[in-house]
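Dear colleague,

I am handing over the structure below, and I would be grateful if you could look through it alongside the notes that follow.

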Amino acid sequence: KSPLQTIGEEQTQNPYTELLVLKAHHDIVRYLTGEKLLEFSGHTQKITAIITLPCLETCEEKNQLILTASADRTEWDCDTGRQVQKVSCFQSTVKCLAVLQRLDVWLSGGNDLCVWNRKLDLLCKTSHLFDTGISALIEIPKNCVVAAVGKELIIFRLVAPTEGSLGWDILEVKRLLDHQDNILSLLNVNDVSFVSGSHVGELIVWDTLGWTVQACERNFWDPSPQLDAQREIKLCQKPNDVSIRHLTWDEENVFVAVGRGLYVYNLQMKRVIACQKTAHDSSVLHVVRLPNRQVISCSEDGSVRIWELREKQQLSVEPVPTGFFNMWGFGRVNKQASHPVKKQQENATSCSLELIGDLIGHSSSVEMFLYFEDHGLVTCSADHLIILWKNGERESGLRSLKLFQKLEENGDLYLSV
């Protein structure tokens, strides 16, 4: 139903690589090297979340399952496209899903937090939370999960059945109330930290074990100190201009989609090290990190852009003069007083986000994309197009390699003396 456009002449080397794409409306389409294999058309309402449920090594059936969330509930067999089971007992739309593979259960988040097993049996659930419901879920250690509910982060602990208990239970452990507005994004960055972002541009780094604030950033629009007049302008900005819609990370940095901009927050320095305040003409909806310090972002304006994070050593500056006469260039500089300032500036490094490419092909909002390191990028847009993009330089190299292999097989490749 949706046309697919392929950029590049060469197909992937591995013919069995699959791209699973979530369409903008009710269907899921499964692609294999650009050809539609299966279409999952069991939903009656908009799909809000999708996740895979890996098979267990001890399980006889090795089929991988796909869980999709909507106002209904459907589980699919990934190999055949067959609808396995459907649950329609929810009182509200399911907004997010999470799989706890170690416990072999999965969770659904709406107005309630529900715990399910592989057979889609409801193991336990919380009481009604809020009208806003759970917008995001992530797993943290000690059998706990973090749920974003409005302005709050709620820590829940899953209790597995033991000899003394009859079944599963889910307990509320703690509520984190440091955000000033609704939380839109949640991300596990490593074993000791997770990050949350809100509607008014707050980024908070949390301790995964102690559930305390490690760092906080509320000044994305201008990392430098501002004058009173500038603060007044900032307060007049629309909340949508600073909403944190999506987060991704590498070993050192968190890449943050803030309104129309793209920011890089360094976890060790606890500050913004690079930014593009107007990376797109409209809100940035999705961002993904690539190898070689590159990142891709997409926007409501229909654009998809590739950026590169480049490190730049700041040049040493002259010491800051002190005293009335030194302010006008008279007298000698107090070198001892200005030494710490100079030392700090010499050690400081700044980075920049440089635009290195535009992917032009969509005519409407690009909602999200999937990146496969060996096979390319798939973008999904409100214009009903799913576009598969290839790395031109890489594909050219693959074609050359394939040509030499063919010549060698035919005996037409000779070494020059």
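A disulfide, as the term is used here, is a pair of cysteine sulfur atoms within 2.5 Å. By that criterion the structure, which is a predicted model, holds 0 disulfides. Cys124 illustrates the point, because the cysteine sulfur closest to its own belongs to Cys114 and lies 8.5 Å away, too far for a bond. As to their surroundings, Cys124 is buried, with a relative accessible area of 11%, whereas Cys275 counts as partly exposed at 27% relative accessibility.

I also looked at the second largest pocket, whose volume comes to about 500 Å³. Its lining is made up of 21 residues, and those that lie nearest the centre of the pocket are Leu290, Gln294, Tyr371, Lys390 and Asn391. Two or more lining residues are given by each of the strands β26 (294-299), β29 (366-372) and β30 (376-381), and likewise by the helix α4 (392-409); of these elements, α4 gives the most to the lining, with 3 residues. In chemical character, the residues of this lining divide into 10 nonpolar, 5 polar and 6 charged.

One further residue may deserve your attention when you go through the strands. Thr52 has its place in strand β5, which covers residues 49-53, and it is partly exposed, with a relative accessible area of 34%. Thr52 and Thr68 are separated by 16 residues in sequence, while their C-alpha atoms are 8.7 Å apart in space.

With kind regards

How values were computed:
Residues numbered from 1 in each chain as written. Predicted model: local features only at pLDDT ≥ 70, side-chain atom pairs only at ≥ 80, totals over all residues. Heavy atoms only, no water. Buried < 20%, exposed > 50% of the residue type's maximum accessible area, 1.4 Å probe, protein only. 1 Å grid on protein atoms, 1.4 Å probe; cavity = no way out; pocket = protein on both sides within 12 Å on 5 of 7 lines; lining within 4 Å. Points joined across faces, edges and corners; volume = space filled by probe spheres on them. Helix = DSSP H or I, 4+ residues; strand = E, 2+ residues; numbered from the N terminus. Nonpolar A, V, L, I, M, F, W, Y, C, P; charged D, E, K, R; others polar.
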